[in-house]
Amino acid sequence: MSDTDRPILQVIVGSTRPGRAGLPVGRWICGRAREHGGFDVELVDLAEVGLPLFDEPHHPRLKRYTHEHTRRWSATVDRADAFVFVVPEYNHSINAATKNAIDHLNSEWAHKPAGLVSYGGVAGGTRAVTALEPVLNALRMTPLPGVIVPFVAQFVHGEGDERTFEPNDEIAAGAKAMLDELARVAPALRSLRAG
């Protein structure tokens, strides 16, 4: 736990490609989470984490990591109490960078809630969420109702790294409801991790 005893919420930006909408969406969610006041918030950008395709010789459940990049990633995820995954939909599913980052670890994810913010075209990333939820369940996480952003390009404004995400009222209300639920569930799951 943090010094303030608030849950640590990590907003994980799953897309790593140049020009991605995920970074402005992730920054927006971080801002809403900070305004919410129920969390210490960290932005975790998988493009900066830079994990290779899973390359550990041992199963992640053993935590016998041989690579420094995996040990760093383990420490990052381990300190979190809750997550928001900001995920695109690629070809009716979750993107490879997000799945790879999840697959690098095992017990570090357990008994932690996860809000899901998906984005894309007409489907708003819902098929990515459908693919991601059983993965999170298998790791003993608690997926919570999240935020769906259809036609994400209409909400992203500006140029380059300074682009911002400016949602409509429905998306903003969905984010508040997700953050409220994360704040309610994260402390309840902490006792499972303590045991």
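**Exercise 1. Find which residue stands opposite Q10 in β2, and place the two strands in the fold.**

Solution.
Step 1. Q10 stands opposite E42 in β2. The model used here is predicted.
Step 2. Q10 itself is found in strand β1.
Step 3. Now look at the two strands. Strand β1 covers residues 8-13 and strand β2 covers residues 40-45. They pair in the parallel sense, over 6 bridges.
Step 4. Follow the chain from β1 to β2. The path goes through helix α1, residues 22-36. This β-α-β crossover is right-handed.

**Exercise 2. Decide whether Q10 is buried or exposed, then list what Q10 touches.**

Solution.
Step 1. Take the relative accessibility of Q10, which is 0%. Buried means under 20%. Therefore Q10 counts as buried.
Step 2. Leave out residues up to four places away in sequence. Q10 then touches E42, V44, T76, V77, R79, A80, A82, F83 and V84.
Step 3. Check the polar side of Q10. A polar atom of the Q10 side chain lies 2.7 Å from the backbone oxygen of T76.

**Exercise 3. Determine which residue forms a salt bridge with D45, and which parts of the chain this pair ties together.**

Solution.
Step 1. The partner of D45 is R20. Their closest N and O atoms are 2.7 Å apart. The cut-off for a salt bridge is 4 Å.
Step 2. Locate both residues. D45 lies in strand β2, while R20 lies in the loop between β1 and α1. The two are 25 residues apart in sequence, so the pair ties together separate parts of the chain.
Step 3. Check the surroundings. D45 has a relative accessible area of 5%, so D45 is buried. R20 has a value of 10%, so R20 is buried.

**Exercise 4. Work out where the partners of two further salt bridges lie: E42 with R79, and D180 with K176.**

Solution.
Step 1. Begin with E42 and R79. Their closest N and O atoms are 3.1 Å apart.
Step 2. E42 sits in strand β2, and R79 sits in the loop between α3 (68-78) and β3 (82-90). The pair links distant parts of the chain, 37 residues apart.
Step 3. R79 has a relative accessible area of 41%, so R79 is partly exposed.
Step 4. Turn to D180 and K176. Their side chains meet at 2.7 Å, N to O.
Step 5. Both residues lie in helix α6, residues 169-194. They are 4 residues apart, about one turn of the helix.
Step 6. D180 is partly exposed, with a relative accessible area of 33%.
Step 7. For the whole model, the count comes to 10 salt bridges.

**Exercise 5. Describe the largest nonpolar core and name the residues that touch the most other members.**

Solution.
Step 1. Start from a general idea. In soluble globular proteins, nonpolar side chains tend to be buried together.
Step 2. The largest nonpolar core here has 30 residues. V84, F165 and L182 touch the most other members.
Step 3. Find the contributors. Two or more residues come from each of β1, α1, β3, β5 (113-119), β6 (142-149) and α6. The largest share, 8 residues, comes from α6.
Step 4. Zoom in on V84. Beyond four places in sequence, V84 touches residues including L9, V11, I12, I29, V117, M178 and L182.
Step 5. Another core lies apart from this one. This other core has 25 residues, among them W73, A80, L132 and L136.

Terms used. Residues are numbered from 1 along each chain as its sequence is written. This is a predicted model: local features need pLDDT of at least 70, side-chain atom pairs count only at pLDDT 80 or more; totals for chains, interfaces and linings use all residues. Side-chain values use heavy atoms; hydrogens and water are left out. Two strands pair if DSSP finds at least two bridges between them. A crossover is right-handed if, with the strands pointing away from the viewer, the path from the first strand over the helix to the second runs clockwise. Buried means under 20% relative accessible area, exposed over 50%, partly exposed in between (1.4 Å probe, protein chains only). A nonpolar core is a set of buried Ala, Val, Leu, Ile, Met, Phe, Trp, Tyr and Cys residues joined through side-chain atoms within 4.5 Å. Contact means heavy atoms within 4.5 Å. A polar contact is a pair of N or O atoms within 3.5 Å; within protein, one must be able to donate a hydrogen and the other to accept it, and residues adjacent in sequence count only if both atoms are side-chain atoms.
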